[in-house]
Amino acid sequence: MNSLDLFFQELSLREDCSLKKNIDLSAMSTMRLSSLGHMIEVYSIPCLQFVLKSLKKYNQSYQVIGRGSNLLLPSELNHILIQLKLPFDPKIFEEKSDFYHLPASMSISVLTAKAIQHNIKGWEILTGIPASLGGAIYMNAGTKFGEISQLIDSVQIMNSAGVIREEKMTSKSFSYRKNHFTREGDIILSAVLRHLGQDSSVATVIKNYAQYRKQTQPLGSANCGCVFKNIDKNLPAGKLIDIIGLKGLSQKDLVVSSLHGNFIENKGQASQLEDFQLLIDKIKRVSLDYIDQPLELEVQL
Ligand SMILES: Cc1cc2nc3c(=O)[nH]c(=O)nc-3n(C[C@H](O)[C@H](O)[C@H](O)COP(=O)(O)OP(=O)(O)OC[C@H]3O[C@@H](n4cnc5c(N)ncnc54)[C@H](O)[C@@H]3O)c2cc1C
């Protein structure tokens with residue numbers, strides 16, 4: 001029995017984790033590229049501690065996945081995917097508070113739903129982002145209204161040795177689609193989130209922006225949101241791709257969206273990460289004839 005099998009055997013004895021061996025992982029990311037590998041669902045902090053310590057002992061690499069809306073998986077994964085499924089009671093919002101301590105695995109759509117229900121100001125900046133709280137913090141996700149960094153007071157993190165620490169957020173903790181406090185192997189466990197009081201116009205702002213997104217982004221298809229970062233405020237990546245005529249460009253089932261140039265839609269089930277790479281390389285090459293710095297990826301490969 002090799003060390004990985006031994007670990008899997010130990011894991012199967014626990015009730016606060018679930019091991020999925022050699023499974024089809026395509027549904028784990030919103031882009032739905034074909035992918036095979038092992039995944040562990042984690043339901044408790046002690047379980048995560050056990051998993052990380054064991055993976056360190058057996059020298060096995062891992063990656064945490066949230067909603068998989070900004071992550072593309074290779075056809076054969078040689079590291080283990082970890083997904084947090086920590087307990088969360090939405091009743092927490094029934095009590096009025098300036099701060100809420102929330103698990104990283106919760107969906108941030110809960111926050112916009114609560115913002116509508118209770119007129120909570122500040123959370124409208126997350127409208128329509130299909131993320132877990134942990135993934136949104138890791139990526140400093142945001143919209144035209146702002147970034148999640150504005151709302152985070154502190155973050156609880158477990159490192160690869162299973163040690164938990166708290167990071168208090170400062171003005172230097174984030175930049176555009178990036179955090180500056182996680183280190184390799186760190187997993188965000190939870191965060192303390194603030195809001196900006198109450199405002200009766202919040203529900204309308206959220207509903208209007210959700211409607212706008214529906215009209216301007218291919219939300220019904222398999223995609224990973226914006227592929228490239230915007231390097232020029234006056235010429236967002238999607239607009240650039242549109243202007244240089246790359247909408248409709250394809251590689252296997254992957255097509256540059258006709259609705260939004262910075263989205264690539266997966267129209268079938270055959271495409272793999274290599275196809276995505278070929279398509280983005282072409283977009284990068286062609287765009288260099290029009291701009292003097294290469295487009296930078298927002299999506300995590
Ligand atoms: C239709 C669509 C629309 C989108 N619109 C927007 C938008 O308006 N604005 C925007 O900013 N983004 C947008 N995105 C991209 C994406 O939703 C965000 O980047 C989001 O923050 C990713 O969250 P996730 O939970 O899916 O993370 P994943 O995609 O699962 O992971 C992203 C990265 O975060 C890391 N990660 C995830 N969870 C944790 C954790 N607990 N601890 C440490 N690291 C972690 C992963 O390892 C990975 O490196 C969109 C995507 C789609 C598909």
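How many C-beta neighbours does asparagine 119 have inside 10 Å, and does this count make the residue buried, exposed or partly exposed? In the predicted model, asparagine 119 has 14 such neighbours and therefore counts as partly exposed. The residue is placed in the loop between α3 and α4. Its phi is near 55°, a positive value in a residue other than glycine.

A positive phi is also found at asparagine 140, which is not a glycine; here the angle is about 45°. Asparagine 140 belongs to the loop between α4 and β6. With 19 other C-beta atoms within 10 Å, asparagine 140 is partly exposed, because a residue must have 20 or more to be buried.

The protein chain as a whole contains 7 helices and 15 strands. The C-alpha trace spans about 55 × 50 × 30 Å along its principal axes. For 301 residues, a compact globule would be expected to have a radius of gyration near 19 Å, and the 20 Å of the protein chain agrees with this. Of the 301 residues, 37% are buried. Among contacts with a separation of 6 or more, 65% join residues that lie 24 or more positions apart.

Helix α3 (residues 109–118) packs against helix α5 (residues 202–216), with axes that come within 7 Å and cross at roughly 135°. The two helices, α3 and α5, are therefore oblique to each other. On the α3 side the contact is made by Thr112, Ala115 and Ile116, and on the α5 side by Val202, Ala203 and Ile206. By class, the residues of this contact comprise 5 nonpolar, 1 polar and no charged.

The ligand is surrounded by 32 residues, of which the closest are Gly66, Ala131, Gly134, Gly135 and Gly225. Four elements, β3 (62–65), α4 (133–139), β6 (142–143) and β12 (187–194), each contribute at least two residues to this shell. Helix α4 provides the largest share, with 5 residues. The shell is made up of 16 nonpolar, 15 polar and 1 charged residues.

Two serines in loops were also examined. Serine 149 is located in the loop between β7 (146–147) and β8 (152–158). Serine 149 has 20 other C-beta atoms within 10 Å and is therefore buried. When neighbours within four places in sequence are left aside, serine 149 is in contact with Asn140, Ser173 and Phe174. Serine 149 and lysine 178 are 29 residues apart along the chain, and their C-alpha atoms are separated by 9.6 Å.

Serine 26 occupies the loop between β1 (17–24) and β2 (36–42). This serine has 20 C-beta neighbours inside 10 Å, so serine 26 counts as buried. Not counting residues up to four places away in sequence, serine 26 touches Arg32, Leu33, Ser34 and Ser35. Glutamine 269 is 243 residues from serine 26 in sequence, yet the C-alpha to C-alpha distance between the two is 8.7 Å.

How values were computed. Residues numbered from 1 in each chain as written. Predicted model: local features only at pLDDT ≥ 70, side-chain atom pairs only at ≥ 80, totals over all residues. Near = placed C-beta within 6 Å. Nonpolar A, V, L, I, M, F, W, Y, C, P; charged D, E, K, R; others polar. Axes fitted to C-alpha atoms, helices over the stretch in contact; angles between N-to-C directions. Parallel < 35°, antiparallel > 145°, perpendicular 65-115°, else oblique. Contact = placed C-beta atoms within 7 Å. Rg over C-alpha atoms; globule rule 2.2 N^0.38 Å. Buried ≥ 20, exposed ≤ 12 C-beta atoms within 10 Å, placed from the backbone.
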